[in-house]
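Please read this note with the structure open beside you. Take the points one at a time and find each residue as it comes up.

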Amino acid sequence: MSLDILRKSPQIPSLKAIQAFEQVARFANVARAAEQLNLTPSAVSHQIANLEALIGRPLFIREARGVALTPAGEQYLREVSGILQSLATATERAGNSVGFDCLRLHSAPSFGLLWLLPRLDHFRNSHPQIQINLSCSYESLHFGRHQIDLDIRHGYPNWPSLEVRTIRHERATVLASPQLLERTPIKQPGDLLGQNLILSEAALVQWPQWFAQQGVALPQTPYALSFDRSYMSLEAASHGYGLALESSLLAQDYIARGELVPVFAEDLATPVSAHHLVFPRGHAEAPRVRQFLEWVQGQLGHDFNY
C-alpha cells in the first residue's frame, strides 16, 4: 500500500453543502431553504446532489410537496447538527478577551420570567466568568442562525435530532390567593362550579381535562379571564381575580411567598412534562453549557428526565 493512499485526506463536505442540507432538512422544502440561504433553488439542489454523491447514499426522498429525510439523512442530521453553531461560537470566542465566555439562552417566556430570572444572580455569582444572553419567545429558534447554546422549550418533546433534558416533578395544580380562599372556602373539586376560573391558553393541561379526571362535569359558565401567558394567569390569581390551573414549577416562587396556595392535595394535581432543556448534541461538550445544566439540576433538586 502506497504512502499516498495512507496519507489520503478524509472526505469533508463544504460548509455550503452542510448549510444547504441543514436548511432543506429543517424546512422539508428546497425553495424555502434557498430563500433562507439567499440562493437559487437550483444552487441548493446542486449542493445537496454533491453531498449525496460524496456520501454515496441519498439523504432525501423527493415528494410532490417537498422532500423528506431518508434514514441515512436522519442519521446525518443528528450527527452534523450543531457543527455550524460550534464553528460560529468558536469564531466569536476567538475574538473575545481572554477568560470571557457568553452563554446564549433562549426560553419560553413564562419559564424565563418566573423561574429562571429570579435565580440568575445565583448562577452569575457561582460562575462569574460566564456572561449570559437571554432571549424569550414561544418560537423554537434555530441554533445556528440565532446563535443559541441552549433552548428552554414549553410543550410536548418532539425534537429527534436534538438532546432533550425534561424537567421532572412538574404538576398542573389548582391555585388561588389566600384572600380568595378566605372569602370562598373550597374543599372538593365540585366546589369550583360557579367560581371564577382563569384559563391559561398555553398550558398543556386545561380545565376540561382536569375536571374530567376528577369526575366533575365541566362548568357551563364562561371563564372569568383567559390569558395566553402563564405568568399573566398566575399574576391574576395572586390578585384574587379567580382560580388558575397552572404549573407548580412556574408557581413555585408565588407559593413560597404565600401569594398563592394549592387548593387541593397533591393527589388531585395532574403530572405534566411541559418544560425541556434542548440543545444540539455537540453543545453539551462546551463547559458553559455543561455548567448551566448542572446548575439547573442543583436548583431543581433532582436530575433531568432523559
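**Notes on a predicted model**

1. Start with one residue. Ser-177 is buried, because its relative accessible area is 1%, and the cut-off for buried is under 20%. Keep in mind that this is a predicted model. Where does Ser-177 lie? Ser-177 sits in the loop between β7 (171-176) and α9 (178-183). Leaving aside residues up to four places away in sequence, Ser-177 touches Ala-237, Ser-238, Gly-240, Glu-259 and Leu-260.

2. Now step back to the whole chain. The chain holds 13 helices and 13 strands. Its C-alpha trace spans about 85 × 50 × 35 Å along the principal axes. Of its 306 residues, 45% count as buried. Look also at contacts between residues at least 6 apart in sequence: 75% of these join residues at least 24 apart.

3. Next, find the open sheet of five strands. In what order do the strands come? The order is β4-β3-β5-β13-β6, and the pairing is mixed. The edge strands are β4 (130-136) and β6 (163-166), and each of them pairs on one side only. From one strand to the next, the twist averages 20°.

4. Stay with the sheet and look at what packs on it. Helix α7 (residues 109-116) touches β3 (101-107), β4, β5 and β13. The direction of α7 makes about 120° with that of β3. Helix α13 (residues 287-300) also packs on the sheet, touching β3, β4, β5 and β13. For α13, the angle with the direction of β3 is about 55°.

5. Strand β5 deserves its own point. Is β5 largely enclosed or largely open? Four of its five residues are buried, so β5 is largely enclosed by the rest of the structure. β5 (residues 150-154) pairs with β13 (residues 275-279) in the antiparallel sense, over four bridges. β5 also runs parallel to β3, and three bridges join these two strands.

6. Check the pairing of β5 residue by residue. Asp-151 has Val-278 of β13 as its bridge partner. Ile-152 is partnered by Leu-277, also in β13. Towards β3, the partner of His-106 is Asp-151 in β5. Asp-151 is therefore worth finding on screen, as it has a bridge partner in β13 and His-106 as another.7. Turn to strand β8 (residues 197-200). Which residues cover its two sides? Leu-197 and Leu-199 are on one side, Ile-198 and Ser-200 are on the other, and all are buried. Both faces of β8 are thus covered. Two bridges join β8 to strand β10 (residues 243-247), and these strands run parallel. Here Ile-198 stands opposite Ala-244. β8 also pairs with strand β9 (residues 225-227) in the parallel sense, over three bridges. Leu-199 has Ser-226 of β9 as its bridge partner.

8. Now a pair of helices. Helix α2 (residues 15-27) packs against helix α4 (residues 41-55) at an angle of about 105°, and their axes are 9 Å apart. That angle makes α2 roughly perpendicular to α4. On the α2 side, the contact is made by Lys-16, Ala-17, Ala-20, Phe-21 and Val-24. On the α4 side, Val-44, Gln-47, Ile-48 and Leu-51 take part. How many of these contact residues are nonpolar, polar and charged? Seven are nonpolar, one is polar and one is charged.

9. Look at the spacing of those residue numbers. An α-helix has 3.6 residues a turn, so residues three or four places apart point the same way. Check this on screen.

10. Compare a second helix pair. α7 and helix α11 (residues 230-238) pack at an angle of about 50°, with their axes 8 Å apart. These two helices are therefore oblique to each other. Pro-109, Ser-110, Leu-113 and Leu-114 in α7 meet Ser-230, Tyr-231 and Leu-234 in α11. The residues of this contact divide into five nonpolar, two polar and no charged.

11. Finish with the ends of helix α3 (residues 30-37). Which residue caps its N-terminal end? Asn-29 does: one of its side-chain oxygens lies 2.9 Å from the backbone nitrogen of Ala-31. After α3 comes Asn-38, and its phi is positive, near 60°.

Conventions
Residues numbered from 1 in each chain as written. Predicted model: local features only at pLDDT ≥ 70, side-chain atom pairs only at ≥ 80, totals over all residues. Heavy atoms only, no water. Polar contact = N/O pair within 3.5 Å; in protein donor to acceptor, adjacent residues only side chain to side chain. Pairing = 2+ DSSP bridges. Axes fitted to C-alpha atoms, helices over the stretch in contact; angles between N-to-C directions. Contact = heavy atoms within 4.5 Å. Buried < 20%, exposed > 50% of the residue type's maximum accessible area, 1.4 Å probe, protein only. Parallel < 35°, antiparallel > 145°, perpendicular 65-115°, else oblique. Nonpolar A, V, L, I, M, F, W, Y, C, P; charged D, E, K, R; others polar.
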